[in-house]
Amino acid sequence: ATSHAFPAERVTKGDLWSAFREAYEDEPFVRLVAGGGGVYRYPEPKAVAGTNYAEVGFELDPSNGRVVVFSAIDNVMKGSAGQAVHGANVALGLEETAGLEFRGLHPVGSP
């Protein structure tokens, strides 16, 4: 998914990193991926293929203050099968990550 937002006040990349880290710090299946020079600069569907992970990233357009947010999931694992297992884990009082920590099918994927 790609979403666009125009904040009422100017924000910096540091503000965005702080907000995203705070929002997702307790979420075991969310990985933040934004910018940089690694293999994947933004969320990449093949990096989450076969996993229950969601990758979320962003970019700030300094010319107009627009924030663009990107996300990627495997819609079978994260979208349905993984969601069922995750929900069952929570309902049964198990560790919520039980059976869902597979790192992915793509050999290079995000860390």
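Two strands are taken to pair if DSSP finds at least two bridges between them. Helices (H or I, at least four residues) and strands (E, at least two) are DSSP runs, numbered from the N terminus. The model is predicted: local features need pLDDT of at least 70, side-chain atom pairs count only at pLDDT 80 or more, and totals for chains, interfaces and linings use all residues. Residues are numbered from 1 along each chain as its sequence is written, and side-chain values use heavy atoms, with hydrogens and water left out.

By these criteria, β3 and β4 pair in the antiparallel sense over seven bridges. Leu 60 stands opposite Val 67 in β4. Gly 57 has Phe 70 of β4 as its bridge partner. The two strands, β3 and β4, form a hairpin, with four residues between them. In the turn, Gly 65 has a positive phi of about 80°.

The hairpin strands belong to an open sheet of four strands. The order is β1-β4-β3-β2, and the pairing is mixed. At the edges lie β1 (2-5) and β2 (30-32), each of which pairs on one side only. Neighbouring strands of the sheet are turned against each other by 25° on average, direction ignored. Axes here are lines fitted to C-alpha atoms, for helices over the stretch in contact, and angles run from 0 to 180 degrees between N-to-C directions.

Each edge strand was then examined in turn. β1 pairs with β4 in the antiparallel sense, over four bridges. Ala 5 has Val 67 in β4 as its bridge partner. β2 pairs with β3 (residues 54-61) in the parallel sense, over three bridges. In β3, Ala 54 is the bridge partner of Val 30. Glu 55 in β3 is the bridge partner of Arg 31.

Helix α1 (residues 13-24) packs on the sheet. The helix touches β2, β3 and β4 (66-72), where contact means heavy atoms within 4.5 Å. The direction of α1 makes about 160° with that of β3.

Burial was assessed for β3. Buried means under 20% relative accessible area, exposed over 50%, and partly exposed in between (1.4 Å probe, protein chains only). Six of the eight residues of β3 are buried, so this strand is largely enclosed by the rest of the structure.
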